[in-house]
Amino acid sequence: MRLRAVPRRWVPLFRLLWFLCFLLAVAAVALGTVHALRDTYDVRPVFKALALDYDLEDNGRITIHPESRPEARYSLIAIDDVGVDPDIRIPQLARRLKAAPGPVVRLDVRSEDGTGLQLQQTRRTAPLDARASRTRNLRFTARLTSGLLACGVLLLCSFLLARRRPSDPVALLFAFAFAGLASTIDPPLAMWMAYGWPPIYDLASSLWFYLLLIALAVFPDGIFVPKSYRWLLAAGIPLAIFVSLQDVNATLQAFLGLGSLLAVLTGQAIRYRRLNPGIERQQIKWAAFGFAAGLLLVALAFLFLPFLPQDGSQQSLMLNLAVVLLFSLGMAVLPLGLLVALTRFRLWEADTVITRSAAYAVVTLVVGVVWAVSSDLLKMVIEEVIGRESQAGATTAGAVIAAGIFSPTQSLVLGWTRKRFGGPLDRMRNAPERMKKWALTETPAEVATRALAIIDDVMHPSASAIVLDTALSRELIAARNTSSADDRELIEKLALTDEEGPVGTLLLGRRSDRNRYNRQQMEAVEEMIPALAEALRIARSHHSRESEMQQRLDEMAARLAQLESGGPKPEPA
């Protein structure tokens, strides 16, 4: 089963539907940003003034806890003997607390075990101190900036896919899914929580999950691989509804949601193994790179969550920022690989990007471990020798050690990855040595054919050819994906010249992903040209002498055969 291209007459309809979804997503992000600002600078200060904090439960209900007992969780029953609706929302509750008269506010609450009690909270009028204000502003700025970055990247990818590939059903599925995803993560997520998970959130989250599931199953050509995945069209609907329901075990929902996405991704591994080297393989590489990097960052954020204390006063600012930044950065990276793959932008750079990214990740990990270990060891030594007053010096010394290790580690890792996973550019730079050997044993046509194979591995042209200059004309001696040197696809013409002069011309078409050749590729082929020209000249000369000698041997054999058969004596040449 295959998803067919969108008929031309339906393209405007799908664009209109996508545009409406895109506008709703942008509106959700904007409203979520406004809500985050109000929550940080209007709502939470009201609770802070009463020495209170609050949490939003998975069902949208509000629980409060006094700063003196941060581990306790209470449901609010009444404020100054006036009842509180169990489904009240945070903005309304903040307004009621702010409007409560007097310096002392009486709160009737119920604990988690059902016990009722009354709290008397004294309102504080002193302004927030400068240090606490800076901490709050830094935490909020980091959270909002990273969240908007993730939403912005998702919306940008959705926009580019819908604009550049409006007839591609796979691209449209991802365009709709990314727009829906942007409307359900932070900062919109906090807004949906504050308003009790309205139906529009359930609808958006169900739709983007279903569309993403189908899109991953048919990426990149619209064919379900393996064929059994076509049942996702029907089975994905109840699954998408289930993972978006409220009042359901969140762990089970996460397990089913992530498990189903990972199961669908295994189909890409099957598809990759069945494909021959080419554009579709590069598309899968880019998509896998984006998803792997994004999910790894999100997984790291979840791994840090258990280390966050429940008491807000004891939480580490840096650890909080690390969790927020890792999650938002992971969501931002997630769609980038698919964007590159579906827009076919620089597909052939996948191997280089992935190799370097892995190398830099190793360098970062090594330096981080060295810094942490050296800092702890130095702290222990300094505390034993000097005392606790010099911990800052130990931290500085650890940073100096890490900085000293960074440069050699980077060179070592990058050198090893380049040697172990040497890319096509390295193979092209090693080609001149092989061409010297080919020139002595192969014909010019064979040398040219092997050279085009190397160039195709590096440059990935849509077509290529080599034309050899002869005494009276020009001869096409090797070609790939073309049969004529006058093909309009061959737009790049590079003269094959060595120390003795021109030998012929190398003709190249556009890159098969329709992008320009990058500087490294052009430099590599220019370095190869003198060796190729010399090899062709030597091969032609060598082949010409061999041909002439072979011709004379054939003539001599013909004369001997004629004499042995008793024929007339051949005329002397």
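Welcome to this structure, which holds 18 salt bridges. Please keep in mind that the model is predicted.

**Charged partners**

Three of the salt bridges are set out here, each with the distance between nitrogen and oxygen.

| Salt bridge | N to O distance |
|---|---|
| R165 and D168 | 3.0 Å |
| R450 and E446 | 2.9 Å |
| R474 and D469 | 3.7 Å |

How exposed are these residues? D168 has a relative accessibility of 13%, so it counts as buried because the limit is under 20%. Its partner R165 is partly exposed, at 26%. In the second pair, R450 is partly exposed with 27% relative accessibility, and E446 is also partly exposed, with 29%. R450 and E446 lie 4 residues apart in helix α16 (residues 444–459), which means that about one helical turn separates them. D469, from the third pair, is partly exposed at 25%.

Salt bridges can also join up: D39, R44 and D53 are linked in a network of them. R44 has a further partner, as its charged end sits over the ring of Y54, 4.3 Å from the ring centre. A similar arrangement is found at R281, whose charged end sits over the ring of Y272, 4.2 Å from its centre.

**Around helix α4**

D168 appears again at the start of helix α4, where one of its side-chain oxygens comes to within 3.0 Å of the backbone nitrogen of V170. The helix covers residues 169–182, and its 14 residues should span 20 Å at 1.5 Å a residue; the end C-alpha atoms are 20 Å apart, so the two values agree. Helix α4 is mostly covered, with 14 of its 14 residues buried.

**A threonine in helix α1**

T33 belongs to helix α1 (residues 11–49) and is buried, with a relative accessible area of 16%. Its side chain reaches the backbone oxygen of V29 at 2.8 Å. Beyond the neighbours within four places in sequence, T33 is in contact with L144, L148 and P187.

**Aromatic rings**

How many aromatic pairs are there? The count comes to 11 aromatic pairs. One of them joins W192 and Y201: the ring centres are 6.2 Å apart and the planes stand at 50 degrees, so this pair is tilted. Both rings belong to buried residues, W192 with a relative accessible area of 12% and Y201 with 13%. Elsewhere, W18, F22 and F159 form one aromatic cluster.

Note on methods. Residues are numbered from 1 along each chain as its sequence is written. This is a predicted model: local features need pLDDT of at least 70, side-chain atom pairs count only at pLDDT 80 or more; totals for chains, interfaces and linings use all residues. Side-chain values use heavy atoms; hydrogens and water are left out. Rings of Phe, Tyr and Trp (its six-membered ring) pair if their centres lie within 6.5 Å; planes under 30 degrees apart count as stacked, over 60 as edge-to-face and the rest as tilted. Buried means under 20% relative accessible area, exposed over 50%, partly exposed in between (1.4 Å probe, protein chains only). A charge sits over a ring if NZ of Lys or CZ of Arg is within 6 Å of the ring centre and within 35 degrees of the ring normal. Helices (H or I, at least four residues) and strands (E, at least two) are DSSP runs, numbered from the N terminus. A polar contact is a pair of N or O atoms within 3.5 Å; within protein, one must be able to donate a hydrogen and the other to accept it, and residues adjacent in sequence count only if both atoms are side-chain atoms. Contact means heavy atoms within 4.5 Å. The expected span of a helix is 1.5 Å times one less than its number of residues. A salt bridge is a side-chain nitrogen of Lys or Arg within 4 Å of a carboxyl oxygen of Asp or Glu.
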